[in-house]
Amino acid sequence: MTLGEAAAAEGLHLLGGFHPEPGDGAPEGCGTLLLLGPDGAAFWARVTGSTEFGDGRADPLNRWSERVIGGLATRFGAGALFPFGGPPWLPFLAWAVRSGQAWASPVGLLVHARDGLFVSYRGALAFAERLDLAPAGVQPCTTCERPCVSACPVGALTEGGYDVPVCHAYLETEAGADCRMRGCAVRRACPVGQGQRPEAQSAFHMRAFHGEVRA
């Protein structure tokens, strides 16, 4: 079984990779760094059916990620890296851009060639070997009408930046229930990656963002 197949069996998929250079912040001796993230509805089904989500302890998603991605690392002879657990924090956003599969969108959030504005990174695998990589993707925003720039109901997330207090205040309102339960309206407006994230998963992440649960 290939790494891609093994990741898919866990509800994950490869989001790109790169060959680190000095200054990238990768572990010493890393020849290839591969990024992993959720693979549509299969991911959320695996996560919510896991021991971590049923034991009542904090941080179920992060603990699931550590166990599953750590297992893949052991299985394929790599080191496991995670975007949580800091400080210090590993530069996952910079790594995403280095992969050639993600870019800054008009609203500043990362947009992925396949997952659009719903892209998220659960971990990475660091290999000593210099592995072959897929060709760089195509930046989707160059041919897009950019509905993301006007999608926020209260103008909290636009080309001008992100007003986090305004966003949180809106989530407290009755009208804000749409974003709380279905996910950020700006992310949902992106035509790339439609259907990649179940609404239940978006609701979980919005509760975590709004301080109601811990990831």
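Is Asp59 buried or exposed? In this predicted model, Asp59 counts as buried, at 19% relative accessibility. The cut-off for burial is under 20%. Asp59 sits in the loop between α2 and α3. Its backbone also stands out: phi of Asp59 is near 55°, a positive value in a residue other than glycine. Most residues other than glycine have a negative phi.

The overall fold comes first. The secondary structure of the protein comes to 8 helices and 8 strands. The radius of gyration is 17 Å, close to the 17 Å that the globule rule gives for 215 residues, so the protein is as compact as a globular protein of that length. The C-alpha trace spans about 50 × 45 × 30 Å along its principal axes. Of the 215 residues, 46% count as buried. Contacts reach across the sequence. Among those between residues at least 6 apart, 65% join residues at least 24 apart.

The surface and the charges were also examined. The protein exposes about 10500 Å². Carbon and sulfur atoms supply 55% of that area. There are 17 positive and 21 negative side chains. The centres of the two sets lie 3 Å apart.

The interior holds more than one nonpolar core. The largest has 21 residues. Within it, Leu12, Phe43 and Leu125 touch the most other members. Five elements each supply at least two residues of this core: α1 (3-9), β2 (32-38), α2 (40-48), α3 (60-76) and β6 (123-127). The largest share, 6 residues, comes from α3. Apart from this core lies another, of 20 residues. Among its members are Val111, Cys148, Tyr170 and Cys190.

Leu12 and Leu125 show how the largest core is connected. Residues up to four places away in sequence are not counted for Leu12. Beyond them, Leu12 touches Ala7, Gly37, Pro38, Asp39, Phe43, Trp64, Val68, Ile69, Leu72 and Arg122. Phe43, one of these partners, is itself among the three core residues that touch the most other members. Leu125 lies in strand β6. Leu125 is buried, with a relative accessible area of 0%. Its contacts, leaving aside neighbours within four places in sequence, are Leu3, Thr32, Leu33, Leu34, Leu36, Ile69, Ala73, Ala78, Gly79 and Ala80. Ile69 is in contact with Leu125 and also with Leu12.

Leu125 and Thr74 form a contrasting pair. Thr74 lies in helix α3. Thr74 is exposed, with a relative accessible area of 67%, whereas Leu125 is buried. The two are 51 residues apart in sequence and 9.9 Å apart in space, C-alpha to C-alpha. Thr74 thus belongs to the helix that gives the largest share of the core. An α-helix has 3.6 residues a turn, so residues three or four places apart point the same way.

Helix α8 (residues 199-209) was examined next. Its buried residues are Gln201, Ser202, Ala203, Phe204 and Met206. These pack against β2, α2, α3, α5 (164-171) and α6 (177-182). Of these elements, β2, α2 and α3 also supply residues to the largest core. Just after α8, Gly211 takes a positive phi of about 85°.

Several further backbone features fall in loops. Most peptide bonds are trans. The loop between β3 (79-81) and α4 (92-98) holds Pro87, and Pro88 lies there too. The peptide bond from Gly86 to Pro87 is cis, with omega near 0°. The bond from Pro87 to Pro88 is also cis, again with omega near 0°.

Arg146 offers another positive phi, near 60°, in a residue other than glycine. Its place is in the loop between β6 and β7 (157-158). Arg146 is partly exposed, with a relative accessible area of 34%. Asp59, by comparison, counts as buried.

Technical notes:
Residues numbered from 1 in each chain as written. Predicted model: local features only at pLDDT ≥ 70, side-chain atom pairs only at ≥ 80, totals over all residues. Heavy atoms only, no water. Core = buried A, V, L, I, M, F, W, Y, C linked by side-chain atoms within 4.5 Å. Buried < 20%, exposed > 50% of the residue type's maximum accessible area, 1.4 Å probe, protein only. Helix = DSSP H or I, 4+ residues; strand = E, 2+ residues; numbered from the N terminus. Contact = heavy atoms within 4.5 Å. Rg over C-alpha atoms; globule rule 2.2 N^0.38 Å. Areas by Shrake-Rupley, 256 points an atom, 1.4 Å probe, with all protein chains shown as cover. Lys, Arg positive; Asp, Glu negative; His and termini not counted. Charge placed at Lys NZ, Arg CZ, Asp CG, Glu CD.
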